[in-house]
Amino acid sequence: MCTDPDVTSGLRLILSRNLGKSGLRISCLGLGTWVTFGSQITDEMAERLLTVAYDSGVNLFDTAEVYASGRAETTLGNILKKKGWRRSSYVVTTKIYWGGQAETERGLSRKHIIEGLRGSLSRLQLDYVDIVFANRSDINSPMEGENTGHSVRLVRFIPALTVFCSSEVVRAMTFVIDQGLAMYWGTSRWNAVEIMEAYSIARQFNLVPPVCEQAEYHYFQRDKVELHLPELYHKIGVGAMTWSPLACGLLTGKYNEGVPERSRAAMKGYSWLKERLCSEEGKKQLSKIKDLHLLADRMNCTLAQLAIAWCLRSEGVSSVLLGVSNTDQLLENLGSLRVLTQLTPPLVAEMDTLLGNKPRNPKKVVRS
């Protein structure tokens with residue numbers, strides 16, 4: 001439970017940052033709805049979480065058409081309607097890719113991007129979302145590039161073969177923005193080459209480029225956010241909105257002594273997480289977390305606060321999305337802002353030594 005009096009007093013202390021190099025100001029901590037809204041928690045708890053977050057200065061709420069088969073969007077929409085907050089005072093983002101069982105209800109075709117977003121807006125009971133993300137949820141599917149002249153045709157095997165062209169995605173996203181269904185668009189789980197391709201197409205054909213990439217980022221998932229995205233940020237202004245800062249609870253220390261009964265790793269459908277924890281790599285990670293626990297104690301903060309603050313210190317990160325199931329967790333996570341001010345370069349270097357996995361940019365390696 002959070003012990004920071006400044007946070008628990010309900011003061012609006014959340015810092016704001018620009019989304020990449022766009023003019024949109026978002027809170028550096030956002031509230032996500034994956035696993036929780038419409039599924040793991042009650043609607044009453046979801047409302048309490050949204051209220052505490054908003055009252056604390058969080059203005060970013062993230063969801064997706066696939067979360068709880070659309071119920072997450074419905075729950076979020078019902079709460080926003082009930083609260084009656086000014087629409088201009090908060091930012092809602094959703095992701096399009098997995099919408100239904102039919103072939104035409106998933107993927108990134110122009111048809112599904114437009115119809116999928118309209119479906120999301122209906123569930124959210126909103127006229128528009130602030131950001132719509134092109135969500136690619138199966139990161140293990142192989143991807144191949146086929147040069148077609150003006151664009152790259154990206155081939156995926158998902159289970160059935162799905163093909164989409166970057167130019168079709170960019171044109172569809174430009175259309176929904178021109179129609180007032182969204183203000184900005186971004187990518188989720190795209191690599192740097194794909195994002196750069198989308199940007200180039202937008203510039204070539206006077207379309208709207210992506211402004212943000214949603215990427216997994218935590219102690220044990222670093223390369224993309226620390227090596228590749230900063231380069232895109234400086235070159236084309238794409239920001240990073242990161243998720244899973246606690247690696248599904250791994251970094252909170254809750255799994256140090258095994259898998260608790262009501263933890264995510266014990267939930268149906270999360271056997272992969274349990275297997276990861278029990279693997280040799282998982283055991284090594286748990287050992288490092290125990291070392292980080294000593295550092296957190298020294299800093300008078302929790303493991304979760306340290307992990308979230310560590311994510312926020314990274315260049316180009318516009319916001320870190322939080323996944324919580326109760327208000328105690330939320331308040332504890334909001335307390336990470338106090339820890340952020342303590343992350344001096346020597347302390348970050350000490351953490352890098354403990355983790356032993358700081359990414360190295362091969363371009364900067366000087367050969368003798």
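A residue counts as buried when its relative accessible area is under 20%. By this criterion, strand S13 is largely enclosed by the rest of the structure, because six of its six residues are buried. The model examined here is predicted.

The protein has 14 helices and 13 strands. Of its 368 residues, 55% count as buried. The exposed surface comes to about 16,800 Å². Carbon and sulfur atoms supply 50% of that area. Contacts reach far along the chain. Among those between residues at least 6 apart in sequence, 73% join residues at least 24 apart.

Eight strands close into a barrel. Their order is S3-S4-S5-S6-S10-S11-S12-S13, and the pairing is parallel. Neighbouring strands of this sheet are turned by 30 degrees against each other on average, direction ignored.

Strand S13 has partners on record at both S3 and S12. Strand S3 covers residues 29–32 and pairs with S13 in the parallel sense over three bridges. Here leucine 29 stands opposite valine 320 of S13. Strand S12 runs parallel to S13 as well, and three bridges join the two. Valine 320 appears again in this pairing, as the bridge partner of threonine 242.

Strand S12 is mostly covered, with five of its five residues buried. The cover extends to both faces. Gly239, Met241 and Trp243 are buried on one side, and Ala240 and Thr242 are buried on the other. S12 also pairs with S11, in the parallel sense and over five bridges. In that pairing, glutamate 216 has tryptophan 243 of S12 as its bridge partner.

Elsewhere in the barrel, strand S4 spans residues 60–62 and strand S5 spans residues 91–96. The two pair in the parallel sense over three bridges. Leucine 60 has valine 91 of S5 as its bridge partner.

Strand S6 (residues 129–135) contains valine 132. Valine 132 counts as buried because its relative accessibility is 1%. Residues up to four places away in sequence aside, valine 132 touches Thr94, Ile96, Leu117, Met173, Val176, Ala182, Tyr184, Trp185 and Gly186. Valine 132 and threonine 63 are 69 residues apart in sequence, yet their C-alpha atoms are 9.8 Å apart in space. Aspartate 130 also lies in strand S6. The relative accessibility of aspartate 130 is 8%, so this residue too counts as buried. Its contacts, not counting residues up to four places away in sequence, are Arg87, Tyr90, Val91, Val92, Met183 and Tyr184. Tyr184 is thus among the residues touched by valine 132 and among those touched by aspartate 130.

Helix H8 comprises 14 residues, 223–236. At 1.5 Å a residue, H8 should span 20 Å. Its end C-alpha atoms are 19 Å apart, which agrees with that expectation. The helix is nevertheless kinked: a bend of about 40 degrees lies at leucine 229, shortly before proline 230. Leucine 229 and proline 230 are both buried. The other buried residues of H8 are Val225, Glu226, Leu227, Leu232 and Ile236. An α-helix has 3.6 residues a turn, so residues three or four places apart point the same way.

The buried residues of H8 pack against helices and barrel strands. The helices are H7 (192–204) and H11 (303–312). The strands are S11 (212–216), S12 (239–243) and S13 (317–322). Just after H8, glycine 237 takes a positive phi of about 80 degrees.

Helix H11 includes leucine 303. Leucine 303 is buried, with a relative accessible area of 5%. Leaving aside neighbours within four places in sequence, leucine 303 is in contact with Leu251, Thr252, Gly253, Ile289, Leu292, His293 and Ala296. One of these, histidine 293, lies 10 residues away along the chain, and the two C-alpha atoms are separated by 6.0 Å.

Key
Residues numbered from 1 in each chain as written. Predicted model: local features only at pLDDT ≥ 70, side-chain atom pairs only at ≥ 80, totals over all residues. Heavy atoms only, no water. Pairing = 2+ DSSP bridges. Helix = DSSP H or I, 4+ residues; strand = E, 2+ residues; numbered from the N terminus. Axes fitted to C-alpha atoms, helices over the stretch in contact; angles between N-to-C directions. Expected span 1.5 Å × (residues − 1). Bend = angle between axes of the 7 residues up to and from the residue. Buried < 20%, exposed > 50% of the residue type's maximum accessible area, 1.4 Å probe, protein only. Contact = heavy atoms within 4.5 Å. Areas by Shrake-Rupley, 256 points an atom, 1.4 Å probe, with all protein chains shown as cover.
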